[in-house]
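Student: I should like to learn how the features of a protein model are read. May we begin once the structure is in view?

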Amino acid sequence: MQRFIVNGGNRLCGELTLQGSKNSALPIMAAALLCSSECVLHGCPRLTDVYAASRILNHLGCRCSFSGHTAVIDPSQLSGTEVPEKLMHEMRSSIIFMGAMLGRMGECTVSVPGGCELGPRPIDMHLSALRKMDVDIRERGGRIICRVSGKRAHGAKISLNFPSVGATENIILCAVTAEGETVINNAAREPEICDLCAFLRKCGADISGDGESRIVIRGKESLGGCGHTIMPDRIAAATYLSMTAAAGGEIILKNACVPETEPFLSVLEQTGCGVYTTADRIYMRSGPRIKAVRDRIRTMPHPGFPTDAQAVLMAALTTAEGTSVFEENIFDCRYRHTDALIKMGADIQVLGKVAVVKGVEKLNGAPVEATDLRGGAAMVCAALSAEGTTEISMINHIDRGYENMEEAVKALGGDMIRV
Ligand code: EPZ
């Protein structure tokens, strides 16, 4: 298994062009299934989760190929409606293929997604919403067998009891070719939902209200293909900014989606870092030592502080001046990275969904194991500021969501290699 070896102590300086968003590319690749002709996706990040999605598309009979950061998907020969358990379990978000297959073929058989490192990942909201759209759903031995009752799914008025990103995406993917109108109340407002809807509108879908809590979709008979550029990854931005806050330095992030990154930037500024933005660039300077964040950092649905940035910012705050308090409100089990940070010398106390991070003078390098995608990134962040060498194993977690992280860190002057 590959590992990262990081020697801490270097300041990070330089420019980095941000990768395309994993959490936008994945639902848009699923959405391509709905189209009757070719889709070309530019700015598609080269990630293991993206390659897992392409394996599902190819298994279903769509041809999906890559050339650099461009993915070409030809869904015209779509024939399959079953995703094997093995492919379903390669990544948690494969569940969004459900809505797309129902929207195109009227049926699908998928698996209950495995739990993941963040705790149980229920899909009750997905299933109850699709049932309201006249989809017959049976669960048998871990498999979910779905079939629309008539020729197509039917539009419905759906109120989510939590603004679930995946459930919102699945409903949209099924509704764009359903009979009639679908209204989603309490919809997720994440920027990746807006990017998905922008892609679908280019294909001819009739969607309004995305980015707000009420989304209206009027079903169409069919959708055509289109060309689309995937939005930048706001969580990758938060990650490299947190690394610079931890190690000290001065960086410029290019190809940044600034407004969408604001919920993170407004907290980062409270650490005393200098943050300046233009339309598509984020400039940041970090002094010798950052300050603790005075207000409690609560993870919330967008436009609140993003849960995916919790671990990396925590890693940076382990050596801040003062004490910071996190409250993780989205996932039940998203503090697994704290054990590794404590092993490196951090002073963190976890009490349920609250984590109290008391800044220490310095961390020490140590052998640690990535527990999940963002937790693994947090370990790199801590290692860059630590004294000595840190060896990070299980970096397959990190490769799911970050394109060549070691190349990006090296480009900024960090001492990090993959072995
Ligand atoms: C998406 O996951 C993202 N993944 C996650 O990013 C992100 O953390 C999350 O949204 C929240 O922003 C992708 O987009 C591929 P949810 P998703 O449905 O859709 C519960 C990363 O690091 N829930 O909004 O799975 C659920 O258990 C990943 O890039 C139900 O109870 O998130 C969780 O506690 C991690 N029933 C909460 O809602 C359901 O039917 C939020 O989940 C669905 C969800």
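**Reading the features of the model**

Tutor: Leaving aside residues up to four places away in sequence, Val267 touches Val293, Ile297, Phe305 and Leu313, where contact means heavy atoms within 4.5 Å. This is a predicted model, in which local features need pLDDT of at least 70 and side-chain atom pairs count only at pLDDT 80 or more, while totals for chains, interfaces and linings use all residues. Residues are numbered from 1 along each chain as its sequence is written, and side-chain values use heavy atoms, with hydrogens and water left out.

Student: In which element is Val267 found, and is Val267 buried or exposed?

Tutor: A residue is buried under 20% relative accessible area, exposed over 50%, and partly exposed in between, with a 1.4 Å probe and protein chains only. Val267 has a relative accessible area of 11%, so it is buried. Its element is helix α9; helices (H or I, at least four residues) and strands (E, at least two) are DSSP runs, numbered from the N terminus. Val267 and Ala238 lie 29 residues apart in sequence and 11 Å apart in space, C-alpha to C-alpha.

Student: How is empty space found, and how many cavities of 30 Å³ or more does the structure hold?

Tutor: Rolling a probe the size of a water molecule over the atoms shows where empty space is left. On a 1 Å grid over the protein atoms alone, a cavity is a set of points where a 1.4 Å probe fits but cannot get out, and lining residues have an atom within 4 Å of a point. Grid points are joined across faces, edges and corners, and a volume is the space filled by probe spheres set on the points. The structure holds one cavity of 30 Å³ or more. The largest cavity contains about 40 Å³ of space.

Student: Which residues line the largest cavity?

Tutor: The lining consists of Arg234, Ile235, Ala238, Glu260, Thr261, Pro263, Phe264 and Pro306. Two elements, α8 (234-247) and α9 (258-268), each give two or more residues to this lining. The largest share, four residues, comes from α9.

Student: How many salt bridges does the structure hold, and what is a salt bridge?

Tutor: A salt bridge is a side-chain nitrogen of Lys or Arg within 4 Å of a carboxyl oxygen of Asp or Glu. The structure holds 26 of them. One of these joins the side chains of Arg334 and Asp308, at 2.7 Å from N to O. This pair links distant parts of the chain, 26 residues apart: Arg334 is in the loop between β18 (323-327) and α11 (338-343), and Asp308 is in the loop between β17 (297-298) and α10 (310-317). Arg334 is buried because its relative accessible area is 8%, and Asp308, at 16%, is also buried. Elsewhere, salt bridges that share partners join Arg55, Lys86 and Glu90 into one network.

Student: What can be said of the bridge between Glu90 and Lys86?

Tutor: The side chains of Glu90 and Lys86 meet at 3.7 Å, N to O. Glu90 has 27% relative accessibility and therefore counts as partly exposed, whereas Lys86, at 64%, counts as exposed.

Student: How is a sheet read, and which strands stand at the edges of the open sheet of four strands?

Tutor: Two strands pair if DSSP finds at least two bridges between them. The open sheet of four strands has the order β17-β18-β20-β19, with mixed pairing. At its edges stand β17 and β19 (347-351); each has a single partner strand, so one side of each is left without a neighbour in the sheet. Strands β19 and β20 (residues 354-358) run antiparallel and are joined by five bridges. Asp347 stands opposite Lys358 in β20.

Student: Which helix lies across β17, β18, β19 and β20?

Tutor: Helix α10 lies across these strands, running at about 165° to β18. Axes are lines fitted to C-alpha atoms, for helices over the stretch in contact, and angles run from 0 to 180 degrees between N-to-C directions.

Student: How many residues of helix α4 are buried?

Tutor: Seven of the nine residues of α4 (residues 97-105) are buried, and the helix is mostly covered. Among the buried residues of α4 are Phe97, Met98 and Leu102. Just after α4, Gly106 takes a positive phi of about 80°.

Notes:
On a 1 Å grid over the protein atoms alone, a cavity is a set of points where a 1.4 Å probe fits but cannot get out, and a pocket is an open set with protein on both sides within 12 Å along at least five of seven lines; lining residues have an atom within 4 Å of a point.
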